[in-house]
Amino acid sequence: MILQHKKSPVYYEDEGGGNAVVLLHGFLENSTMWYGLKPMLLQNHRVICIDLLGHGQTECLGYSHTMSDMADAVLAVLDHLQLKTYILIGHSMGGYVSLALAEKRPKSVLGLCLMNSTYHADDDELRNLRKRANRMVLTNFENMVRMSFTNLFSSESRLKHKLEIEKMLSQALETSPQGYIAGQEGMLLREDKFDFYKKLEAEKLIIIGKKDPVIKGKAILNETRDTNINCHELALGHMSHIENKEELSYIIKQFVELIDV
């Protein structure tokens with residue numbers, strides 16, 4: 001389905017019944033990344049998947065999509081659907097968007113899962129990498145997308161899940177250069193949300209990949225040890241919905257069912 005937001009189309013899918021679970025994909029992904037997890041969630045929940053700005057079937061608004069901009073587009077859908085409360089599950093960039101949304105509507109959020117994501121802002125090294133990537137993508141888009149995407153997987157996963165990775169890579173290549181640049185610009189501008197996340201009155205879960213090249217999992221495990229944030233560490237990389245699908249499904253099922261009680 002399509003909703004007009006600021007004169008641009010935002011694509012979303014709305015299925016099932018029960019407590020609403022909102023699934024937000026990561027950079028160079030779209031709502032189809034959730035198709036492996038949706039059947040489990042749809043057994044007892046209403047599931048809303050949304051293509052974020054500049055991704056999938058949702059168009060760009062400019063050359064910088066802040067996490068707040070993306071959250072506003074998501075909220076336009078949720079308000080259109082007249083949802084008062086929901087559980088947020090965000091993969092990578094989708095986690096950053098979830099945090100921005102929760103800041104805007106903290107009382108609406110029953111639970112917030114950062115899946116292969118973090119509450120930290122980019123450090124200087126990562127900001128510089130994003131800036132360099134945005135310069136390079138102007139002249140070598142396909143190679144930059146291929147490199148950005150395949151580096152998210154552990155080396156063993158690249159072999160084990162080769163066909164699925166190729167399928168997802170073909171979808172990533174459908175992202176426009178503008179969508180790529182705008183997403184990177186928005187991510188490097190975001191602020192640290194650790195204090196906010198700790199104080200958020202909702203169920204909280206972080207899912208970490210032990211071999212994730214993007215997220216600093218050890219630091220997160222140490223920082224959250226004496227907090228009300230639950231952490232689960234999985235064996236492989238950044239793409240748990242492919243690399244650790246069964247274990248991920250079980251963890252997420254427990255998370256949403258805990259909120260249902």
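Author: A residue is called buried when its relative accessible area is under 20%, exposed when that area is over 50%, and partly exposed in between, with a 1.4 Å probe and only protein chains taken into account. The model is a predicted one, in which local features need pLDDT of at least 70 and side-chain atom pairs count only at pLDDT 80 or more, while totals for chains, interfaces and linings use all residues. Residues are numbered from 1 along each chain as its sequence is written, and side-chain values use heavy atoms, with hydrogens and water left out.

Reader: Why is Ser92 counted as buried?

Author: Its relative accessibility is 10%, and since the limit for buried is under 20%, the term applies. Ser92 belongs to the loop between E5 and helix H3 (93-104), and its phi is near 55°, a positive value in a residue other than glycine. Helices and strands here are DSSP runs, of H or I with at least four residues for a helix and of E with at least two for a strand, numbered from the N terminus.

Reader: What makes Gln82 count as exposed?

Author: Gln82 has a relative accessibility of 66%, and as the term exposed asks for over 50%, the value satisfies it. Gln82 is found in the loop between helix H2 (67-80) and E5, and although it is not a glycine, its phi is positive, at about 60°.

Reader: How do you know that Ser157 and Ile181 count as buried?

Author: Ser157 has a relative accessibility of 1% and Ile181 a relative accessible area of 11%, so both values satisfy the limit of under 20%. Ser157 lies in helix H6 (residues 155-160) and, leaving aside residues up to four places away in sequence, touches Lys162, Ile165, Leu236 and Glu243, where contact means heavy atoms within 4.5 Å. Ile181 has its place in helix H8 and, with the same exclusion of residues up to four places away, touches Tyr63, Asn134, Val137 and Leu138.

Reader: Why is the pair of Phe141 and Tyr180 called edge-to-face?

Author: Rings of Phe, Tyr and Trp (its six-membered ring) pair if their centres lie within 6.5 Å, and planes under 30 degrees apart count as stacked, over 60 as edge-to-face and the rest as tilted. The structure holds five aromatic pairs, and in this one the centres are 6.3 Å apart and the planes stand at 75°, so the pair is edge-to-face. Phe141 lies in helix H5 (residues 141-150) and Tyr180 in helix H8 (residues 177-189), so the pair ties together parts that are 39 residues apart in sequence. Both Phe141 and Tyr180 are buried, and ring pairs link them with Phe27 into a cluster.

Reader: How do you know that the charged end of Lys198 sits over the ring of Phe194?

Author: A charge sits over a ring if NZ of Lys or CZ of Arg is within 6 Å of the ring centre and within 35 degrees of the ring normal. The charged end of Lys198 is 4.4 Å from the centre of the Phe194 ring, and Arg190 lies over the face of Tyr96 at 3.6 Å from the ring centre.

Reader: What makes E3 and E4 a pair, and in which sense do they run?

Author: Two strands pair if DSSP finds at least two bridges between them, and E3 and E4 have five, in the parallel sense, with Val47 in E4 as the bridge partner of Val21. E3 also pairs in the parallel sense with strand E5 (residues 86-91), over four bridges, and Leu23 stands opposite Ile89 there. E4 (residues 46-50) in turn runs antiparallel to E2, joined by five bridges.

Reader: Why is strand E3 said to be covered on both faces?

Author: In a regular strand the side chains alternate between the two faces of the sheet. In E3, Ala20, Val22 and Leu24 on one side and Val21 and Leu23 on the other are all buried.

Reader: What makes the chain as compact as a globular protein of its length?

Author: The secondary structure of the chain comes to 12 helices and eight strands. Its radius of gyration is 17 Å, close to the 18 Å that the globule rule gives for 261 residues, so the chain is as compact as a globular protein of that length; the radius is taken over C-alpha atoms, and the rule is 2.2 Å times the number of residues to the power 0.38. Buried residues make up 54% of the 261 residues.
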